[in-house]
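Notebook open, structure loaded. I'm jotting down what I looked up, one entry at a time.

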There are 4 protein chains.
Amino acid sequence: MRATPTLPPSHGADAALGTRYAAVRAATSALAAPLSAEDCALQSMADASPVKWHLAHTTWFFETFLLERYEDKHRPFHPQFRRLFNSYYHAIGERHPRPERGLLSRPSLPEVIAYRADVDARMAALLLRASGDTVLSGLIELGLQHEQQHQELILTDVKHLLSRNPLEPVYRSLPQPAPAAKGRPRWLACAGGLVDVGHAGHGFAFDNEGPRHRVFIAPYELASHPVSHADFAAFVADGGYCRPELWLSLGWDTVVAQRWTAPLYWELRDGAWTTFTLHGRLPIDPAAPVTHVSFFEADAYARWAGARLPTEFEWEAAAAGTPVEGNFADDGVLHPSAPSGPGAQGLAQLYGDCWEWTGSAYLPYPGFAPAPGAVGEYNGKFMCNQFVLRGGSCATPGGHVRATYRNFFPPEARWQFSGLRLARSAG
Amino acid sequence: MRATPTLPPSHGADAALGTRYAAVRAATSALAAPLSAEDCALQSMADASPVKWHLAHTTWFFETFLLERYEDKHRPFHPQFRRLFNSYYHAIGERHPRPERGLLSRPSLPEVIAYRADVDARMAALLLRASGDTVLSGLIELGLQHEQQHQELILTDVKHLLSRNPLEPVYRSLPQPAPAAKGRPRWLACAGGLVDVGHAGHGFAFDNEGPRHRVFIAPYELASHPVSHADFAAFVADGGYCRPELWLSLGWDTVVAQRWTAPLYWELRDGAWTTFTLHGRLPIDPAAPVTHVSFFEADAYARWAGARLPTEFEWEAAAAGTPVEGNFADDGVLHPSAPSGPGAQGLAQLYGDCWEWTGSAYLPYPGFAPAPGAVGEYNGKFMCNQFVLRGGSCATPGGHVRATYRNFFPPEARWQFSGLRLARSAG
Amino acid sequence: MRATPTLPPSHGADAALGTRYAAVRAATSALAAPLSAEDCALQSMADASPVKWHLAHTTWFFETFLLERYEDKHRPFHPQFRRLFNSYYHAIGERHPRPERGLLSRPSLPEVIAYRADVDARMAALLLRASGDTVLSGLIELGLQHEQQHQELILTDVKHLLSRNPLEPVYRSLPQPAPAAKGRPRWLACAGGLVDVGHAGHGFAFDNEGPRHRVFIAPYELASHPVSHADFAAFVADGGYCRPELWLSLGWDTVVAQRWTAPLYWELRDGAWTTFTLHGRLPIDPAAPVTHVSFFEADAYARWAGARLPTEFEWEAAAAGTPVEGNFADDGVLHPSAPSGPGAQGLAQLYGDCWEWTGSAYLPYPGFAPAPGAVGEYNGKFMCNQFVLRGGSCATPGGHVRATYRNFFPPEARWQFSGLRLARSAG
Amino acid sequence: MRATPTLPPSHGADAALGTRYAAVRAATSALAAPLSAEDCALQSMADASPVKWHLAHTTWFFETFLLERYEDKHRPFHPQFRRLFNSYYHAIGERHPRPERGLLSRPSLPEVIAYRADVDARMAALLLRASGDTVLSGLIELGLQHEQQHQELILTDVKHLLSRNPLEPVYRSLPQPAPAAKGRPRWLACAGGLVDVGHAGHGFAFDNEGPRHRVFIAPYELASHPVSHADFAAFVADGGYCRPELWLSLGWDTVVAQRWTAPLYWELRDGAWTTFTLHGRLPIDPAAPVTHVSFFEADAYARWAGARLPTEFEWEAAAAGTPVEGNFADDGVLHPSAPSGPGAQGLAQLYGDCWEWTGSAYLPYPGFAPAPGAVGEYNGKFMCNQFVLRGGSCATPGGHVRATYRNFFPPEARWQFSGLRLARSAG
């Protein structure tokens, strides 16, 4: 999940930016609070990074893209951090290999925290100068949005790490809510037609959300709710993981090679499905949206259900105008919830709870042009062999997503809070 | 390159179908004529199959999908061939593993030829019954289209095999044509707008070409010619394979891992670029279209050139109405040619010579539904992590392609005659 | 199985050498006679080579080590064969990669046969000059011994290839002998003591068989017979492949990774063990020695049986003086036989039938020094992570082995005719 | 490096055993003292383990093999530790996978320290009962010897981890000694003959050191000193890593695949060789023994030098009677030293400084029988594809080794303090 902005943000006031800077940075630190230095140092797979690395890399982003350019007499906090915490920016120079992020016991967690404090102090000076400088403030906002993306990764990466430990450690204890009764999902008709999609106008957006452009969509229907644990358990029980005809060819190859028999983190205990959560291992909540399914599993489920995944534009057209509300990371639940209330009107749980896989490959919009320089280097470069997800999850910071937001992951990725909502063509 | 039809073909007469059957089958045999039994038995990589396997598998298709269903007292030619020459049809049952197709010295080439003759004889009886039976004649036509696809694979697979032999054997000798002067490609304006794409109406098409549907295309421009060897050599000379900023991230990973420094088959000999062809190793023809580049290389070239790849719909909209003419396999050149004539009007070399990578991921069209049963099993199942190519190549049988034809390969594939044509969005 | 000689052979007469040359070369050709060009071209795994490659490489040996040195105006048969058929001699120069030997449809089998004839003709001239030239005749003898080693590999490699074909082709038909009743193996006491081992004196030997030297051996016992199929089936039935405590650690890792459940080529058919042979798939003969077991399996069996493998010196000391008789390739059985006769005296089936794994790592004898130049390059270089086998097999040419002969393979190798004989230390 | 004892130790008094227990356990803790919890949690490769794992596993050994058997009402410290810290004992049951030892952020380092304290307290009670119980005291002694082996691994594993960090952290600072002038090594004659080797008599020994038995050794010579850094640098400078003729075949494959150009940890800085040490990166000390070379490198060096490696029995016969003195871990240098004094008499640096590779494969001695039960499970099971090293290193605890001690590692292992001493056959 990586992208950069093309549109300069328009913020009300500089004080607001400073406040926001402090809040976002504090939120990151708060996520690490329940963790030990050991928890923060380990890397459970090449796709995931140590929490300590996230703490440092988000700080590196400000130091490299802001302080290095704007400070009068810039001196790096540490001469080697520029390389050590560079993720994938060729234009910045050498990078520590991604699979070896878990080999760095040094710098220690306290040193990384000191690094954060040092950069924050220097950023405080820079924030004073951001007033009226849309380029500077745009870059700072980018750094904050970037850091919010890593906040979500901190949660999904540490969840994966803890899940690999036979002791099944708890990230944070939470009383499990009583499972809610799940309303039957309904099909909601959407008109389609010639519609404009993509970001335009005020407010921050990543550059992969633009340019806004016109697409033609045939009439379609969307399910009122995401697919639930109960729904998905029925697919599993019906032999879903044993029937190649339900799967894409690459998906079936993956099922066989990885020996998938259920979503990631699911385990049968005493004959009942449980799942590993940030609160420990729990029974699955039948009414809550299923998560930790790959695109392959989402696609196979949809085929089994006689439906399909929506395109990203079908999703966006339906979402336009809906308030961005839902179960986000700020709520502290950090797990998908059953739909609340007496029965949702229209599209329930559109935002938050789980990212929703779409059937759209992650490709550039017409007219998309990468930003010049290192910041813009990586936009187009991930637009291959990935699929778009929409809507945000229970691990996404509140306020971070919008109707045009495009998340993306390879079709086999499962460690995000990724689920699905069904669609079908009308008539 | 695999797909099945949904639309029943409408053929003039049954005699015509019988004639066509004989012609297609004979063309396949003719392709194997210059090869020894040893040439036909080897497999150079998991992606490629032995020629003998192609000869048998195309015959298996008729035996399994036609004779098995329509013969009164069907007895298979050999009880194990049903499994041995099944490519990937789960609904048919077990399959011999693809990477082990090159371990089959038996059945011998003469036995496979006898298998072909036996099935041809039995098909002759069936062809007499096809008159007026659109389902039967449609299935037969599918078998012939399928066989034509494998004709192309026979050429590309044996080319790859011969290229791996230090003796650099010649498939068929041919005097090399004098290189033609290459006209400067021009940009041709295309209006776009709300257009219908996909197959409809009479004539055969694979089901992945439909349903015909409406898309919105912004105004754009297409290059009059494909990218030439000279063009691509300039990219190589400019350090194209050493500059990560020109590449998709996965593409750059592939360049580094595979140590790519030029298109497949290119080698420097005495300081000049040569390429391996079905006629042996030859100097590159500067004016002829470049081939054997992956999507990654096509995409990087376009970025270097300040352009982009067209979408498949931009390509199709521009091609609509253009006669399907060009350098196809029937011409026997089996290598891309320089553009002929005093200067092509409009879009030159749109068909034949080289498949043209598009920027479109291979995905189902809206409303696409797989055909029931084994024949239709595999349409959707390859719609993941592949890109669409259009136009046909010098190894494609004449008459096999059309404006709506969708070929597809993974972005790293290079052993097909794959090239590119530049596009750009209109001012 | 590769080594070179240090001791010049002493042959009766040159005519004898010429006759021997003709006989050995003809025997190689005879081995290929039942095979098609396709059979001869394929390679079933990196460890095995195509038969055609063996035919060419053994010829290459004479051309490179004899003709290249001794011909007045040497012109190679083909300028690229020196590289193409070099197995692993760094001092000769570049080598075609071993795993790609199966990519060579050219030279064709007829061309390789012509290559053999050409070199034979040129060798005929050289053989006339060999009289009294011990260096020259020693090199020729080396080439013949080398070719005999490859005769065995032709059989084991083509057996492996045919076994990978679901059609289970037959190399050569043979009526299966009636299984003989197996006598109970007895323990035979051996005195040990201070004994001399290794080759000395007249006759050809590979350099790894010397220098002859003194070792001290404690008293021990050897089984009168090799372990039989019935014996080994009892081990399998007793859960031998499921009990890690019976295995070396690396052996158990291999069992798990490779999913071994029985010797190579064994398959249960209708509840009874069968094995693939050069005569097709047959029921195992209970009384015949088990073959196609790795060192790991031999070692585990011995542990299960409360015994151990003999050291190579225990084997050699016991074998000294025993006539070199047994079921060799010349007999044409090409499969281990049950012990014949009313009950063997002493050590039965010591030679022929199956190679016998010893517990000795393949290491240089004290004072071993590699021969200078390319011929001697590779003696020491394989003395690592391999174990010694003794005695020859049903695929070994008659007259090729002796008491001091050291064969060697890595502990996981199974495609040779390798079995075992038990030993134990004397009370 | 793993083995178990067959001979019951004979200790002076129980008080002595208690004192020794306390000393060994304290020494382990002291090794972890310079490290942070993060340093202790990471795993740099599958061959190495986190320090925290070593701290727990050595404790697990006492809990599993002593307390579980001898405590009246045994209750494990934690129900999952039995599985979590089992290294490779099949008879104990399931094991946490070795490559995933670095995924365990929990138990935390403080929890593991508490585990150590708890087991120490319970062992104190058991130690009171050990008086006169040779089985019990033998098992305790085994646990202590086992822990000493892991003390060495703590140092070599953490060295490897720190070396993978671009910050090149220092384990412990130490002033570098002034390089000593290196005396020329001399050849020392050894008579050989019929000698007894292996452990016998009083004192602790691992079971792989016995039974004591007779071997015949031809006269030979040993170098007075191990090969030094200066010696090895000459080999590197002479193209040692570019000349296949100097290497075993597997060794050369490893050189090419791993791109070895010098011993592990060596790097050219400003044109001079440096090496990573537990004190940071330092220039190589020309006179000190080279370490961190594999068997392959040791063997190639010896061939280059016109010599060979000694057999383990040549080494042992020469070492018999020499006092076990040298640069051991207790000295705190933790790096090989130049030979001290005005010129060593006889065999210098025979113990300590660096383990010396021998040319002997690690195989069972005649009559070797594994101990019954889990403790003895793993003796024979590592006797395959490894080579014996002798003498101990600067990371070996003082008093841990003796003339008969057999260490062993695969021929490609380099992360131990492994060097070599040359040998040659006499006359």
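**Entry: B:Glu267**

I started with B:Glu267 and asked how well covered it is in this predicted model. B:Glu267 comes out as partly exposed, because its relative accessible area is 35%, and the partly exposed class runs between under 20% (buried) and over 50% (exposed). I placed B:Glu267 in strand β5 of chain B, which covers residues 266-269. Then I listed what B:Glu267 touches, skipping residues up to four places away in sequence: B:Ala272, B:Trp273, B:Thr274 and B:Arg281. I also checked the spacing to B:Ala23, which sits 244 residues apart from B:Glu267 along the chain. The C-alpha atoms of that pair are separated by 37 Å.

**Entry: C:Tyr265 and A:Asp353**

Next I went through backbone angles. C:Tyr265 isn't a glycine, yet its phi is positive, near 80°. I found C:Tyr265 in the loop between α8 and β5 (266-269) of chain C. Is C:Tyr265 buried or exposed? It is buried, at a relative accessible area of 7%.

A:Asp353 is another non-glycine residue with a positive phi, about 65° here. A:Asp353 belongs to the loop between β9 (351-352) and β10 (355-361) of chain A. Its relative accessible area is 3%, so I noted A:Asp353 as buried.

**Entry: cis peptide bonds in chain D**

I looked at omega in chain D. The bond joining D:Arg106 and D:Pro107 is cis, with omega about 0°. D:Pro107 is in the loop between α4 (81-84) and α5 (109-129) of chain D. From D:Gly210 to D:Pro211 the peptide bond is cis too, and omega is near 0°. That puts D:Pro211 in the loop between β2 (193-197) and β3 (213-217) of chain D.

**Entry: helix α9 in chains B and C**

Why do I call helix α9 of chain B (residues 295-304) largely enclosed by the rest of the structure? Because eight of its ten residues are buried. I wrote them down: B:Phe295, B:Phe296, B:Glu297, B:Ala298, B:Asp299, B:Ala300, B:Tyr301 and B:Ala302. The packing partners of these buried residues in chain B are α7 (229-237), α8 (249-258), β10 (355-361) and β11 (387-390). Just after α9(B), I saw B:Gly306 with a positive phi of about 70°.

I then looked at helix α9 of chain C (residues 295-304), which is mostly covered, with eight of its ten residues buried. Among them are C:Phe295, C:Phe296 and C:Tyr301, and also the acidic pair C:Glu297 and C:Asp299. The buried residues of α9(C) pack against several elements of chain C, including α8 (249-258) and β11 (387-390). Just after α9(C) comes C:Gly306, with a positive phi of about 70°.

**Entry: C:Thr254**

I followed the α8 side of that packing to C:Thr254, which lies in helix α8 of chain C. C:Thr254 has a relative accessible area of 16%, so it counts as buried, the cut-off being under 20%. What does C:Thr254 contact beyond its neighbours within four places in sequence? I got C:Arg259, C:Trp260, C:Phe296 and C:Glu412. C:Phe296 is one of the buried residues of α9(C).

**Entry: the contacts between chains**

For chain A against chain D, I noted 33 residues from chain A and 33 residues from chain D. The area buried between them is about 2,600 Å², with carbon and sulfur atoms giving 55%. In chain A, the residues losing the most area to chain D are A:Glu38, A:Leu103 and A:Arg106, together 29% of what that side buries.

For chain C against chain B, I noted 33 residues from each of the two chains. About 2,600 Å² is buried there, 55% of it from carbon and sulfur atoms. On the chain C side, C:Glu38, C:Leu103 and C:Arg106 lose the most area to chain B, together 29% of what that side buries.

**Entry: chain A as a whole**

Last, I stepped back to chain A. I have eleven helices and 14 strands for it. Its radius of gyration is 21 Å, close to the 22 Å from the globule rule for 427 residues, so chain A is as compact as a globular protein of that length. I put its C-alpha atoms in a box of roughly 65 × 55 × 40 Å along the principal axes. Of its 427 residues, 61% count as buried. I have the accessible surface of chain A at about 15,300 Å², with 56% belonging to carbon and sulfur atoms. For charge, I noted 37 positive and 42 negative in chain A, their mean positions 2 Å apart.

Notes: Residues are numbered from 1 along each chain as its sequence is written. Chains are lettered from A and ligands numbered from 1 in the order in which they are written. This is a predicted model: local features need pLDDT of at least 70, side-chain atom pairs count only at pLDDT 80 or more; totals for chains, interfaces and linings use all residues. Side-chain values use heavy atoms; hydrogens and water are left out. Helices (H or I, at least four residues) and strands (E, at least two) are DSSP runs, numbered from the N terminus. The radius of gyration is taken over C-alpha atoms; the globule rule is 2.2 Å times the number of residues to the power 0.38. Buried means under 20% relative accessible area, exposed over 50%, partly exposed in between (1.4 Å probe, protein chains only). Accessible areas come from the Shrake-Rupley method with a 1.4 Å probe; for residues, only the protein chains shown count as cover. Lys and Arg count as positive and Asp and Glu as negative; His and the chain ends are not counted. The place of a charge is taken as NZ of Lys, CZ of Arg, CG of Asp or CD of Glu. Contact means heavy atoms within 4.5 Å. Buried area is the accessible area (1.4 Å probe) that two parts lose on being put together, summed over both.
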